[in-house]
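Subject: Handover of a structure and the findings from it

Dear colleague,

Please find below the structure that I am handing over to you. The findings follow after it.

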Amino acid sequence: MPRPVIRRLIDAVPTAILPMAAGVGLSALVAPQPDAAMALLRGLAVTLLLTLPSLAVGTALGTLAGSWAAVAPRSAGGLVGRLLAAAGPLLPGFLLAALAALAVRAGASAAPLGWTALSVPAACQAARLALPAMERALGSGPEGGAVRMARGLGLDERTVLRHHALPQAVAPVMGGLRAAVLAAMVGSVALESLLDLPGAGALMIDAARVGSAAGAVPALVALGGLTALLNALGLGARDWIDPANHSSTPYQGA
């Protein structure tokens, strides 16, 4: 892993972990239940297990589909990529969470539907960003210089796409991960509440319903820290993948 990426994570991760620790500590101090802090810790773990795989899978599949839509727009994969890119603004996470809750009440399994409901918006966001980025990487502009040089050196098309074009499509996706993270967190809160999952979002909603600020505020603070942590991991992955950062230029801070 390049040194600038490590420095970014060292700078960002403690800032994200502090709100989670503050939320747990505040819960231990002010929440009326004696085991509220442990419940919040378990809830954060549930929320993380719900959001992180969904973000990872959805972002990966959306990036590949959007990139393939630029490479082979008339293929089946290209049509899927264009459909995902076009559907992005029309599929909010909370709406998919409501549909998943209806399906679960009809007898479907909760966990697969929950992960799917959160991964679809991430896939749409990734495809929407990867499609134009791959088109620029393959085009005649300055951003396509690396691809033209690789082809001029006689590299086969698969190597050119994998090692030169695809990283340029992935970097904008990871840079725009903040919107996908926010959508996943909103969808996760809705899913946990609708499906009675013991996540931090459900704890916050349940406390708010009974008017308990001592239960809702710590969960909200901890969820803010978890959101910041996911954002930091996304930015670190972007810096790791982006070919522009694989140089000797010193890191200047976040």
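Helices are DSSP runs of at least four residues, numbered from the N terminus, and a nonpolar patch is made of nonpolar side chains joined within 5 Å, from residues with over 30% relative accessible area and no salt bridge. Please note that this is a predicted model.

Overall architecture

The chain holds ten helices and zero strands. Read from the N terminus, its elements follow the order α-α-α-α-α-α-α-α-α-α. Of the 254 residues in the chain, 42% are buried.

The nonpolar patch

On the surface, a nonpolar patch is formed by Leu 26, Leu 29, Val 30, Val 217 and Val 221, which together have about 400 Å² of accessible area. Two elements give two or more residues to this patch, namely helix 1 (3-30) and helix 10 (213-241). Which of them gives the most to the nonpolar patch? Helix 1 does, with three residues. Val 221, for its part, is placed in helix 10. The relative accessible area of Val 221 is 32%, so this residue is partly exposed, and that value also lies over the 30% that membership of a patch requires.

The second largest pocket

Helix 10 appears again in the second largest pocket, where four residues from this helix make up the largest share of the lining. The space in the pocket comes to about 250 Å³. It is lined by 16 residues, and those closest to its centre are Gln 33, Ala 36, Leu 203, Ala 207 and Gly 215. Helix 2 (36-71), helix 9 (200-209) and helix 10 are the elements that give two or more residues to the lining. What is the make-up of this lining by class? Eleven of its residues are nonpolar, four are polar and one is charged.

Helix 9 and its salt bridge

Helix 9 deserves a separate description. Its buried residues are Ala 200, Gly 201, Ala 202, Met 204 and Ala 207; Ala 207 is also among the residues closest to the centre of the second largest pocket. Helix 9 also carries a salt bridge between the side chains of Arg 209 and Asp 206, at 3.7 Å from N to O. These two residues both lie in helix 9 and are three residues apart, which is about one turn of the helix. Are the two partners buried or exposed? Arg 209 has a relative accessible area of 59% and is therefore exposed, whereas Asp 206, at 41%, counts as partly exposed. After helix 9 comes Gly 211, with a positive phi near 75°.

The salt bridge between helices 3 and 5

The count of salt bridges comes to two. Besides the pair in helix 9, Arg 82 forms a salt bridge with Glu 135, and their closest N and O atoms are 3.8 Å apart. This pair links distant parts of the chain: Arg 82 belongs to helix 3 (residues 76-87) and Glu 135 to helix 5 (residues 110-138), with their positions 53 residues apart. Arg 82 is partly exposed because its relative accessible area is 35%. Glu 135, with 38% relative accessibility, likewise counts as partly exposed.

In short, helix 10 contributes to the nonpolar patch and to the lining of the second largest pocket, while helix 9 contributes to that lining and holds both residues of one salt bridge.

With kind regards

Notes: Residues numbered from 1 in each chain as written. Predicted model: local features only at pLDDT ≥ 70, side-chain atom pairs only at ≥ 80, totals over all residues. Heavy atoms only, no water. Patch = residues over 30% accessible without salt bridge, like charges linked within 9 Å, V, L, I, M, F, W, Y side chains within 5 Å. Areas by Shrake-Rupley, 256 points an atom, 1.4 Å probe, with all protein chains shown as cover. Salt bridge = Lys/Arg side-chain N within 4 Å of Asp/Glu carboxyl O. Buried < 20%, exposed > 50% of the residue type's maximum accessible area, 1.4 Å probe, protein only. 1 Å grid on protein atoms, 1.4 Å probe; cavity = no way out; pocket = protein on both sides within 12 Å on 5 of 7 lines; lining within 4 Å. Points joined across faces, edges and corners; volume = space filled by probe spheres on them. Nonpolar A, V, L, I, M, F, W, Y, C, P; charged D, E, K, R; others polar.
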